[in-house]
Amino acid sequence: MRARGVRVLADDWYLLKKTTLDYRRRDGSWQTLNRETYDRGNGAAILLYDPARGTVLLVRQFRYPAFVNGHPEPLIEACAGLLDTADPESCIRRETEEETGYRIYRPVKILESFMSPGSVTARLHLFVADSDPATRVAAGRGLEAEAQAIATLEPR
């Protein structure tokens, strides 16, 4: 791959770039491509499981991109957040307390994945951990400064 040029299309919420590149095909020939990439940073997510009750702890929150794609209700998701400058485990510990109010003690990393590699640069680090109502240390609900209004769910 040889990059010919990169142009910033937007640098507000996150970074959107358009890149012109030459890509070597399997037959050895070169093809010129134009690609847009959205760089929003890497993240971490966690699935919290309560083995005593057989439940998982999820969060529900409004997501504007889903809304404009015809989904008006808040989405049900695993607890997650952007790494910012933290390592994945520190990030998921922080996000778990902010969003759910639970403190986790032994998160286990099970996967790294690119969630939408055709256009988004984000790599997601996925963890699992046991949860227990006794480890709830705060209300959760997210950060008001980030306009988060998160509810927790515990479906069976």
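Here a colleague puts questions about the structure above, and a modeller answers them.

Colleague: What should I know about the model before reading any numbers?

Modeller: This is a predicted model, in which local features need pLDDT of at least 70 and side-chain atom pairs count only at pLDDT 80 or more, while totals for chains, interfaces and linings use all residues. Residues are numbered from 1 along each chain as its sequence is written, and side-chain values use heavy atoms, with hydrogens and water left out.

Colleague: How many helices and strands are there in the chain?

Modeller: Both kinds of element are DSSP runs numbered from the N terminus, where a helix is H or I over at least four residues and a strand is E over at least two. Read from the N terminus on, the elements run β-β-β-β-β-α-β-β-α-β-β-β. The count for the chain is therefore 2 helices and 10 strands.

Colleague: Is the chain more spread out than a compact globule, or less, and what is its radius of gyration?

Modeller: The radius of gyration is taken over C-alpha atoms, and the globule rule is 2.2 Å times the number of residues to the power 0.38. The C-alpha atoms fill a box of roughly 60 × 30 × 30 Å, taken along the principal axes. For 156 residues the globule rule gives 15 Å, and the chain lies well over that value, so it is more spread out than a compact globule, with a radius of gyration of 19 Å.

Colleague: Which strands stand at the edges of the open sheet of 3 strands?

Modeller: Two strands pair if DSSP finds at least two bridges between them, and in this open sheet the order is S1-S2-S3, with antiparallel pairing. Each edge strand has a single partner strand, so one side of it is left without a neighbour in the sheet, and the strands in question are S1 (2-11) and S3 (30-39).

Colleague: How many bridges join strand S2 to S3?

Modeller: Strand S2 covers residues 15-24 and runs antiparallel to S3. Within this part of the chain, Arg24 stands opposite Trp30 in S3. The number of bridges that join S2 to S3 is 10.

Colleague: Which residue in S9 is the bridge partner of Tyr49?

Modeller: Strand S9 (residues 123-130) is joined to strand S4 (residues 43-50) by 7 bridges, and these two strands run parallel. Strand S8 (residues 108-114) is joined to S9 by 6 bridges and runs antiparallel to it, with Glu112 opposite His125 in S9. As for Tyr49, its bridge partner in S9 is Asp130.

Colleague: Is Glu95 buried or exposed?

Modeller: Buried means under 20% relative accessible area, exposed over 50%, and partly exposed in between, with a 1.4 Å probe and protein chains only. Glu95 has its place in helix H2 (residues 88-100), and, leaving aside its neighbours within four places in sequence, it is in contact (heavy atoms within 4.5 Å) with Cys79, Ala80, Gly81 and Thr100. Its relative accessibility is 7%, so Glu95 counts as buried.

Colleague: How far away from Cys79 is the nearest cysteine sulfur?

Modeller: A disulfide is a pair of cysteine sulfur atoms within 2.5 Å, and by this rule the count comes to 0 disulfides. Cys79 counts as buried at 1% relative accessibility, and Cys91 is buried with a relative accessible area of 0%. The nearest cysteine sulfur to Cys79 is that of Cys91, at 8.6 Å.
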